[in-house]
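Colleague: I would like to learn how to read helices, their packing and the cores in a model like this one. Please give the general idea each time, then the case here.

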Amino acid sequence: MQFPVEITIGSTKILLHSIMEPLAFFIGFRYFMFLRKRQGDVIHSENRVWILIGAIFGALLGSRLMGGLENVSALMQSANKFVYFYQNKTVLGGFLGGLLGVELIKKIIKEKHASGDLFTYPMILALIIGRIGCFSMGVYEETYGSPTTLPWGMHLGDSLLRHPVCLYEIIFLLLLWISLVQIEKKFTLQNGARFKLFLIGYCFFRFMLDFIKPTYTSILGLSTIQITSLLGVVYYYHYIINPKKLIENKVKIIMSPAPEHV
C-alpha cells in the first residue's frame, strides 16, 4: 500500500481521506436519524434541535482548541493564531467540547433528560469511518504511531515500521461497540449511561494510545491529548468508582396470593 492513498477518477486524483471525512459525518448523522425514528426519543424535537446545535458548536470549538494546544511551541511561532487553531483539530477535544456545549444548552432550555445515548453508536460508526481516512494518510497526517519492532508494524510512508494506531483505534471502537451492546442486554442502564460508558472507555484508550504516538509533551511529560483524556475521566469519576450508578434500579413488586374464598 502506498501512502497517502488516492482515488483516481479519470485524470483527477483525490485523497481517500478527503472522501472519508465528510462521509463519516453524513453516514453518522443518517444512522442517528434512523435510530431516533426506530427507538423513539425522550427529548422533544425542538429541544433535540437545540441540543444538536450545542453539540456541533461545542465540538467545533473543543476540537480546534485542544488541537491548537497540542503543539504549544508551533502555536507560539504561528503568525496567525486564529488560522492555526482552525487548521488543527482533535476528535477527543470535539467529544468533550460537544459534551460541554450540550450541557450548556440543556441548562438554557431547561431540558432534564440525558441526551447522549442516541448519539453514541452513530459517533462510533462515524469515528471508525473517519479513522479509515486517517490511516490512508500514513505519516502525512499526525495520526500515525511511533516506530516499533513488533511483527505487525507497518510502513506508513517512510522507511520505519510504525504502530498502525488508526487500526488499533478501529479495533478498539468495534470491541467497545460490541461491549456496550452486550452490557445493555445484561443490564437495564440509566438514561445517558451508554454515552457515559463510551466516553469513559474512549478517554482511557486515548490516554494509553498517546504513549505509542509521536507527541508534544506539556505537563508532567504528558501530551495535551492525554491531559484532555484525564479531564474526561475526572468529569465522570463518580461513575468510575461506583458503576452501579449507571444501572437502573428496578423495584420488584411481589404480588400477594389472592385470598381463598371459603
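Modeller: Start with α7, taking helices as DSSP runs of H or I with at least four residues, strands as runs of E with at least two, both numbered from the N terminus. The expected span of a helix is 1.5 Å times one less than its number of residues. α7 has 22 residues and spans 31 Å from first to last C-alpha, close to the expected 32 Å. This is a predicted model, where local features need pLDDT of at least 70, side-chain atom pairs count only at pLDDT 80 or more, and totals for chains, interfaces and linings use all residues. Residues are numbered from 1 along each chain as its sequence is written, and side-chain values use heavy atoms, without hydrogens and water.

Colleague: Which residues of α7 are buried, and what do they pack against?

Modeller: An α-helix has 3.6 residues a turn, so residues three or four places apart point the same way. Buried means under 20% relative accessible area, exposed over 50%, partly exposed in between, with a 1.4 Å probe and protein chains only. In α7 the buried residues include V165, Y168, E169, F172, L173, L176 and L180. Contact means heavy atoms within 4.5 Å, and the buried residues of α7 pack against α1, α6 and α8.

Colleague: How is the packing of α5 and α8 described?

Modeller: Two packed helices are described by the angle between their axes and the distance between the axes. Axes are lines fitted to C-alpha atoms, for helices over the stretch in contact, with angles from 0 to 180 degrees between N-to-C directions. The axes of α5 and α8 come within 11 Å and cross at roughly 145°. On the α5 side, V91, L92, F95, L96 and L99 take part, meeting F195, F198, L199, Y202, C203 and R206 of α8.

Colleague: Which element gives the most to the largest nonpolar core?

Modeller: A nonpolar core is a set of buried Ala, Val, Leu, Ile, Met, Phe, Trp, Tyr and Cys residues joined through side-chain atoms within 4.5 Å. The largest one has 40 residues, and I124, L173, F198, L199, Y202 and Y236 have the most contacts inside it. α8 gives the most, with nine residues. Leaving out residues up to four places away in sequence, Y202 touches V91, L92, F95, L127, R131, E169, F172 and L173.

Colleague: Is S136 buried or exposed?

Modeller: S136 counts as buried because its relative accessibility is 2%. S136 sits in the loop between α6 and β3.
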